[in-house]
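Here's a quick walk through one structure, written for someone who would rather look at contacts and geometry than read a long preamble. Keep the viewer open while you read.

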Amino acid sequence: MSKSNPATESLFIELYAKHEPSVRAFVKNGIFCQHDVADVMQKVAMVAWKKFANLDDPDLEFGKWMCVIARYEIMKFRRGKSRDILILSETAVEKILDQGCEEYSTRIKTLEFLQTCIDSLKEEEKTLIKIAYNSNTLIKVFAKTLNKSAHATYQKLQRIRNKLADCVEFKLSTEKV
Amino acid sequence: MKSEDKRLIQAYYYGSITKGDAKKLNKLLEHDPKARSYYITYSAITEHLGESMEDNENEIFSSPKLSFSKKQSTAPWLLIAASLVLAFLVFDYLNNRDKDHPTVTISETDSILNNSRTQAHLVDHFNASIKGITRRLEDFIWVPGKYELLSGELHLRFNRCVDFIFQGPGIFEIEDFQNIRGTSGSIRTIVLNENGKGFTIKSPTTTYVDWGTEFALNISPSQQDKFNIDQGEVEVSPIGKPDNKTLLTRFNSSHQKLDFIELDASLKPSQPGDAGAKRNFKAFEKLANHADTIGLYNFDSPEQSILIEELVKRIPKNWQKWSTVHNLKSNRLIINHAKSEIGSHGVFHKCHRTAGRWPESLSVGLPHNGSHVSFSIPGNYPEITISFWLQKLDRLDAINSLIKSDYWNEIGNLCIEFSRGGKPYLHQWGEVSPSKFRFDNERLSSGWQLVTYTFGREENDSKSKIYIDGNLVFESKTKWTNYISLGDFTIGGCVNETGPSSANLNCKIDEMVISKNRWSEEDIREYFLDGFPFYQVEPITFAESSFSPTNPAR
């Protein structure tokens, strides 16, 4: 953007705040490491800001447009990496990103569905994922309080995550129909 | 969608996918839109799960049923945050309008966006305690700000181009990925590539601009900075006098006399790998004192002060007679550091000591046909763990023996070999066709790897297991064997009753641990992480997935 004004910035920040979680999840499709996701998101934000003025209908197009930028940045990032450390092939990632872009308008509801699916978990399952994802308590310490092995607790956590994935996937597929 | 296909995607996100499965996963994702859809959903869940729980942090214990309205309430918060940033922008814009800045430029927005960006990655740390930070450092985002390191040391990497090692106690401030302010503490800076040139450290008295180099700096509030340059060029200038620059190199620094810093060639703060070495040393000490440890070998040279006569009393019996005939040199001995002193010292044959896993440490290399090290451990052990750090040197031969009992004549005798491709194989005397299960195609690669063997009863069976880098790769049930009896045994080679055969494992070995209890998978993983040379964000996907906030494997 050659020139900006507070109104444009306000709109950009508002749209960015709204779409950032979905776009970050989209970036995660092509990049495994959390730090790398943060870096690529940064680049996406910068490019989006620079080109924001070119967007005809920001309200309608912003999310999908960010995905297009993110797709380019992800592929650029991956090409700069040694092939040995990339598990997924370029073709696979390209197809995933294409599909992610196409389904963006549906997938924006993922977070909403995830919340609903978490609501449907048992209390002990909710507690476990809270401990795992959002506390300083070590899993093995927590496992001891339950008189279970850390390994069993990890397995349980894995099963909960799978259950949530199935639940969200089901809701999304219903939404697509 | 098949459950096997889902398992591949789950394994990828759990960081436990094998090379063989990775191929299958790629094929699946390239051809199956449903698999891609599941992959995208799984990705979003790993990314958002933490946030979703954070939103409900206060409710999860108090409210038996979470309501969706809580989630919806995040939108106003986002708007409030956006409004605050906007207010700041407008304020800044109005403020600067009168100062020859007629418009808010891209750079101002850059800085706002940059503030949410991590400026550095943690490479490693040792006992680092930072004032005001209670969360794990592995999960910490290094945003601009002041950090007071109360103790320990940190190894950060800025923008993938500068390594910054800071030893506390001390204070440093990250201004951005290229500018650091230091108030006190010891620093080593290494510019790794062109992008890092210009990395600047400002002490209270001096500015140091790094033009592609490695240098050490000690900042003390009450004294002059102490400075030493190892490579390249550093531009130094007193604060407030940028024109008074001096370009220092390793060759001219000894001739320079600067009144604002002290040039000290003896300055040697921590270097890359030291944090890991210290962490590993601590783990090694703990193992040495543990009652269950029966053999602990790091392959360092015996101290010169130890008398050879004292050492030979505790070497394998079949070597004791040779010790007098051939005047066994003490440098051929591998010392057992276990306090229990159950295992013998080792004696090496056709081997040499070579660089170990840590700065200035040693390992043993087994490069020749017949290279091996002899040990002896008396007794039968219903449970045992034998762990090695291995580094493959070159291509492997057809037979590669890691460990083998010298005599092959009784229950409990053990042999672990690797195929030419680096897959582990297990032989146990008397077990004609042990029921085996190979979990995946994990095999030896070129870097240092942790190979761990465990034996013990689980449920109703005695099981042997082999792990590589903490991942279970091989498991077998034994029909007759209820204990392991190593007796005289060899590592790295295959000694038969007729003498050493030509089979050897073309590798380096470091830190061998023999424990008379069976380590759990969790114990092995912890030992692996403690002993890993660097906390590397990449390319070690195992470590990465273990530490990642998306995979709470801690």
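What follows covers chain B overall, then its strands and a helix pair, and finally the cysteines.

A caveat before we start: this is a predicted model, so treat the numbers as computed from that prediction.

**Chain B at a glance**

Chain B has 554 residues, and 53% of them are buried. Its secondary structure adds up to 11 helices and 29 strands. If you count contacts between residues at least 6 apart in sequence, 60% of those in chain B link residues at least 24 apart. As for the surface, the chain exposes about 24900 Å², with 51% of that coming from carbon and sulfur atoms.

**Strands worth a click**

Start with strand S7 (residues 214-219) of chain B, which pairs with strand S8 (residues 225-231) of chain B in the antiparallel sense, over 5 bridges. The two make a hairpin, with 5 residues between them. To see the register, look at B:Ala216, which sits opposite B:Asn228 in S8(B). S8(B) has another partner to look at: strand S11 (residues 261-263) of chain B runs parallel to S8(B) and is joined to it by 3 bridges. Here B:Lys226 faces B:Glu262 of S11(B).

Elsewhere in chain B, 7 strands build an open, antiparallel sheet in the order S13-S14-S17-S26-S19-S20-S21. Which strands are at its edges? They are strand S13 (333-334) and strand S21 (424-428) of chain B, each of which pairs on one side only. Within that order, strand S19 (residues 400-405) and strand S26 (residues 487-491) of chain B are antiparallel and share 3 bridges. B:Lys404 stands opposite B:Thr490 in S26(B).

**A helix pair**

Helix H7 (residues 274-289) and helix H10 (residues 521-530) of chain B have axes that come within 9 Å and cross at roughly 135°. That angle is why H7(B) counts as oblique to H10(B). On the H7(B) side, the contact is made by B:Gly276, B:Arg279, B:Asn280, B:Ala283 and B:Leu287. H10(B) brings B:Tyr527, B:Leu529 and B:Asp530.

**Cysteines**

How many disulfides does the structure hold? Over all chains, the count is 1. The bond is between A:Cys117 and A:Cys167, with the sulfur atoms 2.0 Å apart. The link of A:Cys117 and A:Cys167 is left-handed, at -85° about the S-S bond. A:Cys117 belongs to helix H6 (residues 110-119) of chain A and A:Cys167 to helix H9 (residues 150-176) of chain A, so the pair ties together parts that lie 50 residues apart in sequence.

Then there are cysteines without a bond. A:Cys67 is in no disulfide, and its nearest cysteine sulfur, from A:Cys101, is 4.6 Å away. The cut-off for a disulfide is 2.5 Å between sulfur atoms. B:Cys351 is in no disulfide either; the nearest cysteine sulfur is that of B:Cys507, 9.6 Å away.

Here is how accessible four of these cysteines are:

| Cysteine | Relative accessibility | Class |
|---|---|---|
| A:Cys117 | 1% | buried |
| A:Cys167 | 23% | partly exposed |
| A:Cys67 | 0% | buried |
| B:Cys351 | 12% | buried |

Looking back at the disulfide, A:Cys117 is buried, whereas A:Cys167 is partly exposed.

Definitions and conventions: Residues are numbered from 1 along each chain as its sequence is written. Chains are lettered from A and ligands numbered from 1 in the order in which they are written. This is a predicted model: local features need pLDDT of at least 70, side-chain atom pairs count only at pLDDT 80 or more; totals for chains, interfaces and linings use all residues. Side-chain values use heavy atoms; hydrogens and water are left out. Two strands pair if DSSP finds at least two bridges between them. Helices (H or I, at least four residues) and strands (E, at least two) are DSSP runs, numbered from the N terminus. Buried means under 20% relative accessible area, exposed over 50%, partly exposed in between (1.4 Å probe, protein chains only). Contact means heavy atoms within 4.5 Å. Accessible areas come from the Shrake-Rupley method with a 1.4 Å probe; for residues, only the protein chains shown count as cover. Axes are lines fitted to C-alpha atoms, for helices over the stretch in contact, and angles run from 0 to 180 degrees between N-to-C directions. Angles under 35 degrees count as roughly parallel, over 145 as roughly antiparallel, 65 to 115 as roughly perpendicular and the rest as oblique.
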